[in-house]
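Reader: I would like to go through this structure in short steps. Can we take one topic at a time?

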Amino acid sequence: MPALILSHVTKTFGHDTNEVTVLKDVNFEAAAGEVSLVIGPSGSGKSTFLTIAGGIQTPTAGEVQVQSANLHQLNSKDRDALRLNKIGFILQAYNLVPYLTVQDQFTLVDRVKPQGNLSPAALRELLMQLGIERLTHQFPGELSGGQTQRVAIAWALYQNPDIILADEPTAALDSDRVKVVGRLLHDLAKQHHKAIVVVTHDLRLKEFADKTYAIMDGQMTLA
Amino acid sequence: MFLALKEIRHEKLRYGLIVGMVVLVSYLVFVLSGLAYGLAQQNTQAITSWNARSITLNDDANESLSQSLLTTKTTKALTLSKHEAYIGQTGVVAKEKGRAKLSAQFVGVDRNQFIYDRVAVTSGHKPKRANQILVDDSFRDNGYHLGDRVQLNSTSSRYRIVGFTHNAKLSVAPVIYGTLGTWRTLSHVTADFKASGVVSNSATFKPKTAGLATLSMSKFINKLPGYSAQNTTFTFMIAFLMVIAMVVIAVFLYILTMQKLPNYAVLRAQGIPARVLVSTTISQALILVVSGLVIGAALTAATVLALPAGVPMSFNMPLLSGVTGGILLTGVIGALIPVRIILHVDPVSVIGG
């Protein structure tokens, strides 16, 4: 059973003459142990797809299932709990709280979700893998774009989610770092049976993907 | 609380300014409350010290002690127990060579009645003869001493200060206690007049004698010249200040919350429950307001120490607790206004298209 299923998902914004259909009858599956890449140009509907997959937005038509739970049937509180426990977001806008040090970002997760997060040893290893182990006492504002992005990745992974939804996770990284992040996501999928969905226009990640989808004008096809 | 404290620690200047604003508001409210209560007390200190329940005055005196005169004929019809006492009140100017002139309230009492016993002496003794007086401590603050022979109004007689008493003010003027005979002299009335009124600490003293009116002490106090007007003015000033404080605090917290919405949107996207963000906002407001109140109270205490003794500032715990609770409540209400925005923050806003 795939961890994430989108069936005939359509998303429309606006009304009448201002109506814009961003996603058109999208069908998508992401299984545990797989890295799925969704590639498309800016404005193609990638982020809308990601927000619908993660239960942040509801589709105009169609269904989204996360580990057999139909998101449409969950109330807002249960969707929050599902996101907190099962889904890790790596956002384009870097999901960091500006007034918390890197270490405190992880402490915040512990306070909201005391169980099921990475152990201190596993966190240390993750930080070393990402090359940010010396930045734990820095605030986000003191980090470079690449460092911020890697901390954001670590933060999403710290919750040890079953599904990771990443929005342009390598946008600010050089080729060497892209390889590190790509390998990390690939290893997480294979060794820890995570379902990983990456929306990007960075073709350098293609070599780490099990499946690649193309999205253009709201329509998704398996490449 | 974790997020609230971390943010305050990181944004010291921003939150310092808000605490500063709460300090100023609470300081102003505390000082105004202190002045209002102090002034109210200076109107009634002497009356309060008598611990009386009612006062009987001439029916035509319009409930004013200074306008009331009870004739000996009228008082003969009264049966006074140990719970009742005659008092005679009149305004006087006290003067003594080399000392400042002081406007005061002369209160004549009978040595054998309960008010005489109720008056507490801080130094010296109570007056035993017609030419002896007991005066409020503020006389000492103005250079008067025990043994001074004071002229009251333009009378030819001199009155010796034989004792001082504490917190004895009536209508914001210091009280001079003496005999009813002296009161008659100072009021230029003959022996046909017994006193200005009768105070009683008994609930059963309700004379039916024609020409007399009995009123409760609380009603009598409210009828003191200027007392209600002063209190109402201060109450309105404090109330308006509280409302303005609420609006200002609410605006500050609203602006702060609006600035934090992108962060909150990110946290909501990650599944952080809205209640965590709401409790962060409210606990942050409480931390800021409580800090401001503590500093404001400390500043007020310092001000009290620095003010000259003549400034009528006084505090009582119920009033202070009420004012503090009011400011705290305004802070919480201010913090609750943006809660709706937090509950509806859209995580999609932080995810590009």
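What follows is a set of questions and answers on a predicted model.

Reader: Start with the open sheet of six strands in chain A. Which strands stand at its edges?
Author: The strand order is E6-E7-E8-E3-E9-E10 in chain A, and the pairing is mixed. An edge strand has a single partner strand, so one of its sides is left without a neighbour in the sheet. The two that fit are strand E6 (87-90) and strand E10 (219-222) of chain A.

Reader: By how many degrees are neighbouring strands of this sheet turned against each other on average?
Author: The sheet in question is the open one of six strands in chain A. Direction is ignored for this angle. The average turn between neighbouring strands is 20 degrees.

Reader: Which strand pairs with E3(A) over six bridges?
Author: Strand E3 covers residues 34-39 of chain A, and the pairing over six bridges runs in the parallel sense. Two residue pairs place it: A:Val38 has A:Val199 as its bridge partner, and A:Ile39 stands opposite A:Thr200. The partner is strand E8 (residues 195-200) of chain A.

Reader: Which residue of E9(A) is the bridge partner of A:Ile39?
Author: E3(A) is also joined to strand E9 (residues 211-216) of chain A. These two run parallel, with four bridges. The bridge partner of A:Ile39 in E9(A) is A:Ala214.

Reader: Are the residues of E3(A) buried or exposed?
Author: Take the two faces in turn. One side holds A:Glu34, A:Ser36 and A:Val38, and the other holds A:Val35, A:Leu37 and A:Ile39. Both faces are covered. Six of the six residues count, so E3(A) is largely enclosed by the rest of the structure: they are buried.

Reader: Now A:Pro120. Is that residue buried or exposed?
Author: A:Pro120 lies in helix H4 (residues 120-130) of chain A. A residue counts as exposed if 12 or fewer other C-beta atoms lie within 10 Å of its own. A:Pro120 has 9 such atoms, so it is exposed.

Reader: What separates the C-alpha atoms of A:Pro120 and A:Thr200?
Author: A:Thr200 is the residue of E8(A) that A:Ile39 stands opposite. Along the chain, A:Pro120 and A:Thr200 are 80 residues apart. In space, their C-alpha atoms are separated by 31 Å.

Reader: Move to E1(A). Which residue in the turn of its hairpin with E2(A) has a positive phi?
Author: Strand E1 (residues 4-13) of chain A runs antiparallel to strand E2 (residues 20-30) of chain A, and seven bridges join them. Six residues lie between the two strands of the hairpin. The positive phi is about 80 degrees, and the residue is A:Gly14.

Reader: Which residue of E4(A) does A:Ile5 stand opposite?
Author: On the E2(A) side, the bridge partner of A:Ile5 is A:Glu29. E1(A) is also joined to strand E4 (residues 61-66) of chain A, antiparallel, by five bridges. In E4(A), A:Ile5 stands opposite A:Gln65.

Reader: On to chain B. How are H9(B) and H10(B) oriented, roughly parallel or roughly antiparallel?
Author: Helix H9 (residues 274-306) and helix H10 (residues 317-336) of chain B have axes that come within 9 Å. The axes cross at roughly 150 degrees. Angles over 145 degrees count as roughly antiparallel, so H9(B) and H10(B) are roughly antiparallel.

Reader: How many charged residues are in the contact of H9(B) with H10(B)?
Author: The crossing is right-handed. Among the residues in contact are B:Ile282, B:Val289 and B:Leu293 of H9(B), and B:Ile327, B:Leu328 and B:Val332 of H10(B). By class there are nine nonpolar and four polar residues; the charged count is no residues.

Reader: And H8(B) with H9(B): which residues of H9(B) take part?
Author: These helices pack at about 150 degrees, with axes 11 Å apart. Their crossing is right-handed. From H8(B) come B:Leu253, B:Thr257, B:Tyr264, B:Leu267 and B:Arg268. They meet B:Ala274, B:Leu277, B:Thr281 and B:Ala285.

Reader: Last, the contact between the chains. Which element gives the most to the side of chain B that touches chain A?
Author: The contact takes 25 residues from chain A and 20 residues from chain B. Two elements of chain B give two or more residues: helix H1 (2-10) and helix H8 (227-269). With five residues, the one that gives the most is H1(B).

Conventions
Residues numbered from 1 in each chain as written. Chains lettered and ligands numbered in written order. Predicted model: local features only at pLDDT ≥ 70, side-chain atom pairs only at ≥ 80, totals over all residues. Contact = placed C-beta atoms within 7 Å. Buried ≥ 20, exposed ≤ 12 C-beta atoms within 10 Å, placed from the backbone. Pairing = 2+ DSSP bridges. Axes fitted to C-alpha atoms, helices over the stretch in contact; angles between N-to-C directions. Parallel < 35°, antiparallel > 145°, perpendicular 65-115°, else oblique. Left-handed = near helix turned anticlockwise from the far one by under 90°. Nonpolar A, V, L, I, M, F, W, Y, C, P; charged D, E, K, R; others polar.
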